[in-house]
Amino acid sequence: MAQYIIRLDDLCHNSNLEKWERFFNLFDQYDIKPIIAAIPANKDPKLMSCGPYNPNYWELLRRLQSLGYMIGMHGYDHLYVSKNSGIFKFNKRSEFAGLPISIQSKKLAAAARMFDDEKINVKIFIAPAHSLDYCTLRALKSVTRIKIISEGLLPFPYKRRGFNWLPVQQNEAELQGDGVWTFNYHPETCTDKAFLQLKKFIADNHKDFIPLNTLHYRPYQLEQMIAEKYLIYKRWFSELIKSTWQGVNASVYYKS
Ligand SMILES: [Zn+2]
């Protein structure tokens, strides 16, 4: 059977809370416990312009935590300082991938300290732009207590390199076959149409949303590695075709 998890990205000091509250109200109505990708010290200008500075940001995270939401560490400042697409080869931008382990460790330790000081128990790491590398894993191991990584493409959670991996396969809710499927929403940019579609999906399927503590993580062996590499390169190739096609269209437009 299909089981579902939902992840909301980019909660920070300047979030537009009205856009977030509609998600929170929906989850609370159906007793769904999402993952919240929270940024401790956001400096991303795009996210800074979403709303006014919220002096009660940490209080909000503590409230969500007390409701059973899983607060995840979404990097340190969400600034893209490298063009490295990391292990999953998705976006050519990263806060972490490609940087020396000493710098990655410093950022992760600073983030972990902020969550600790604010009494937020972060158990899960969510790399900005889905981009992390093997140094990120080593740094996470040495300077944080994090054991779960919300990333990957396989249709089930698995154990790899000393972490539990919870794959994130979909941007929007959609009926799936056997497996554990994470839907990844960005409340700041989610359209009304996409939100209404999620609302309907949850009304119809809320019984299939599961809390994280019930997950079973499978072994990651050669077969799983090959399957995931296939999915990574399939996505990489389709993104390449898409961007080449957009480039061709743009040049045709400019010529005419
Ligand atoms: Zn993000």
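How many helices and strands does the secondary structure of the protein chain come to? In this predicted model, the count is seven helices and nine strands. With a radius of gyration of 18 Å, close to the 18 Å that the globule rule gives for 256 residues, the protein chain is as compact as a globular protein of that length. Here is a quick tour, from the whole chain down to one strand in the sheet.

**Overall picture**
- The C-alpha trace of the protein chain spans about 55 × 45 × 45 Å along its principal axes.
- Of the 256 residues in the protein chain, 36% are buried.
- Among contacts in the protein chain with a separation of 6 or more, 75% come from residues 24 or more positions apart.

**Two domains**
- The domain assignment splits the protein chain into domain 1 (2–218) and domain 2 (221–256).
- Between the C-alpha centres of domain 1 and domain 2 there are 24 Å.
- Where the domains meet, seven residues of domain 1 are in contact with seven residues of domain 2.
- On the side of domain 1 that touches domain 2, five residues are nonpolar, one is polar and one is charged.

**The sheet**
- Nine strands form an open sheet with mixed pairing, and their order is 8-1-2-3-4-5-7-6-9.
- At the edges sit strand 8 (179–185) and strand 9 (218–219), each of which pairs on one side only.

**Strand 2 and its neighbours**
- On one side, strand 2 (residues 35–38) runs parallel to strand 1 (residues 2–11), and four bridges join the two.
- Within this pairing, Arg-7 has Ile-35 of strand 2 as its bridge partner, while Asp-9 stands opposite Ala-37 in strand 2.
- To get from strand 1 to strand 2, the chain passes through helix 1 (residues 17–30), making a right-handed β-α-β crossover.
- Strand 2 is also joined by four bridges to strand 3 (residues 70–73), again in a parallel arrangement.
- In that second pairing, Ile-36 stands opposite Ile-71 in strand 3.

**Two covered faces**
- Are the residues on the two faces of strand 2 buried or exposed?
- Ile-35 and Ala-37 point to one side and Ile-36 and Ala-38 to the other, and all four are buried, so both faces of strand 2 are covered.
- The general pattern fits nicely here: side chains in a regular strand alternate between the two faces of the sheet.

Key:
Residues are numbered from 1 along each chain as its sequence is written. This is a predicted model: local features need pLDDT of at least 70, side-chain atom pairs count only at pLDDT 80 or more; totals for chains, interfaces and linings use all residues. Domain bounds come from an automatic or database domain assignment. Two residues are in contact if their C-beta atoms, placed from the backbone, lie within 7 Å. Ala, Val, Leu, Ile, Met, Phe, Trp, Tyr, Cys and Pro count as nonpolar, Asp, Glu, Lys and Arg as charged, and the others, Gly among them, as polar. The radius of gyration is taken over C-alpha atoms; the globule rule is 2.2 Å times the number of residues to the power 0.38. A residue is buried if 20 or more other C-beta atoms lie within 10 Å of its own, exposed if 12 or fewer, and partly exposed in between; C-beta atoms are placed from the backbone. Two strands pair if DSSP finds at least two bridges between them. A crossover is right-handed if, with the strands pointing away from the viewer, the path from the first strand over the helix to the second runs clockwise.
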